[in-house]
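Please open the structure in a viewer and keep the selection tool at hand. The tour below proceeds by selections, each followed by a description of what is there.

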Amino acid sequence: MADARYDVVVIGAGILGLAAAREILARRPGTRVAVLEKEASIAGHQTGRNSGVIHTGIYYAPGSLKARLCVAGSRALYEYSERHGIPTERCGKLIVAVDEAELPGLETLYRRGFENGVAGLEMVGPDRIRELEPHGVGLRAILSPGTGIVDFSRVAAAMAAEITAAGADVLTGHEVDRLEDRVGIERPGPSDVGPNLLETGDRHLRSELPRNRPAGLPTPDDAKVLLEVAPIDLFPQTYHTEVVCTLRHSP
Ligand SMILES: Cc1cc2nc3c(=O)[nH]c(=O)nc-3n(C[C@H](O)[C@H](O)[C@H](O)COP(=O)(O)OP(=O)(O)OC[C@H]3O[C@@H](n4cnc5c(N)ncnc54)[C@H](O)[C@@H]3O)c2cc1C
């Protein structure tokens with residue numbers, strides 16, 4: 001950890017944390033970024049265990065941020081996957097009304113989809129439903145041909161590789177225990193822990209690894225690492241955030 005001095009620390013290496021780190025590096029190349037992940041590997045929670053659906057943006061209220069982001073995100077995800085050799089399948093989706101009572105809701109969704117700019121939506125009847133899905137039974141259905149599937153673990157892995165190549169550290173086995181905002185930077189004092197403080201200008205990192213333990217070789221139980229993160233102009237100027245994390249295992 002001796003070289004670990006960061007401008008931005010992202011907590012959590014799910015798809016959001018990795019995508020946020022990627023965006024920061026795209027906007028400001030050279031930013032020193034770390035992504036801290038408590039598990040031994042990335043994408044082990046929602047990202048790696050979800051249904052793998054690339055949603056098109058049918059459900060969200062027209063004009064909402066969710067609607068706009070979902071429509072744009074679907075396109076971006078297909079493009080990203082193609083660029084990185086990650087297979088996707090545009091298998092399409094049927095949203096089926098199985099009785100009369102569900103028809104008004106289906107109509108509402110259909111209109112929403114159009115208003116949100118979802119491409120290729122079609123309202124289909126029972127024959128077309130059966131043709132598309134032999135086990136499907138219903139009165140009517142919205143066919144969303146742009147809905148697809150992808151393995152989000154692979155997307156996360158590609159993002160992790162990208163940000164690592166751009167200079168970021170993705171640190172697994174780092175659980176953040178506490179966050180502390182405080183103004184200014186504490187000066188190092190006498191201490192029985194080391195390597196103490198690493199400073200570059202107004203940024204520094206303090207480690208509580210015992211002095212007699214070679215840096216970078218913490219044991220799972222006793223190592224505590226304090227990362228002090230100085231703000232860059234993406235964030236409010238006055239606060240330094242102290243991130244305290246426990247190493248669950250040797251990185
Ligand atoms: C059952 C299910 C199915 C879904 N299906 C789909 C789908 O088909 N399509 C779709 O687009 N979306 C789907 N989603 C939603 C999607 O998976 C999530 O929106 C997305 O994965 C969230 O990403 P995340 O990075 O916020 O969370 P996560 O992937 O959960 O990542 C958070 C990470 O933070 C880490 N972490 C937590 N606390 C700490 C800490 N203190 N210190 C360090 N690290 C920490 C965790 O270990 C974890 O790796 C589904 C969600 C669920 C639950």
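**The shell around the ligand**

Begin with the ligand and select α1, the element that supplies the largest share of the surrounding shell, 3 residues. Please bear in mind throughout that this is a predicted model. Next, extend the selection to the whole shell: 22 residues surround the ligand, and the closest are Gly12, Gly14, His45, Thr47 and Asn50. Two or more shell residues come from each of α1 (15-27), β2 (33-37), α2 (46-49) and β10 (174-183). Colouring the shell by residue class will show 11 polar, 7 nonpolar and 4 charged residues.

**The loop between β2 and α2**

Select Ala43, which is found in the loop between β2 and α2. Its phi is near 55°, a positive value in a residue other than glycine. Is Ala43 buried or exposed? Ala43 counts as buried because it has 25 C-beta neighbours inside 10 Å, the cut-off for a buried residue being 20 or more.

**The largest nonpolar core**

Now select Leu18, Ala21, Val33, Val35, Ala156 and Ile163; of the 25 residues in the largest nonpolar core, these touch the most other members. At least two residues of this core are supplied by each of β1 (8-11), α1, β2, α6 (152-165) and β9 (169-172). The element that gives the most to the core is α6, with 6 residues.

Centre the view on Ile163. Leaving aside neighbours within four places in sequence, Ile163 is in contact with Leu18, Ala21, Arg22, Leu25, Val33, Ala168 and Val170. Apart from this core lies another, of 10 residues, among them Val118, Ile129, Ala141 and Ile142.

**Helix α3 and the residue that follows**

Select helix α3, residues 65-83, and display its end C-alpha atoms. What span should its 19 residues have at 1.5 Å a residue? The expected value is 27 Å, and the end C-alpha atoms are 26 Å apart, which agrees. Just after α3, select Gly85, where phi is positive, at about 65°.

**Confidence along the chain**

Finally, colour the chain by pLDDT. The mean pLDDT of the chain is 76, and 68% of its residues reach 70 or more. Select residues 180-240, over which pLDDT stays under 50. For these residues the model has 100 contacts beyond four places in sequence.

How values were computed
Residues are numbered from 1 along each chain as its sequence is written. This is a predicted model: local features need pLDDT of at least 70, side-chain atom pairs count only at pLDDT 80 or more; totals for chains, interfaces and linings use all residues. A residue is near a molecule or strand if its C-beta atom, placed from the backbone, lies within 6 Å of it. Helices (H or I, at least four residues) and strands (E, at least two) are DSSP runs, numbered from the N terminus. Ala, Val, Leu, Ile, Met, Phe, Trp, Tyr, Cys and Pro count as nonpolar, Asp, Glu, Lys and Arg as charged, and the others, Gly among them, as polar. pLDDT is the predictor's confidence in each residue, from 0 to 100. Two residues are in contact if their C-beta atoms, placed from the backbone, lie within 7 Å. The expected span of a helix is 1.5 Å times one less than its number of residues. A nonpolar core is a set of buried Ala, Val, Leu, Ile, Met, Phe, Trp, Tyr and Cys residues joined through C-beta atoms within 7 Å. A residue is buried if 20 or more other C-beta atoms lie within 10 Å of its own, exposed if 12 or fewer, and partly exposed in between; C-beta atoms are placed from the backbone.
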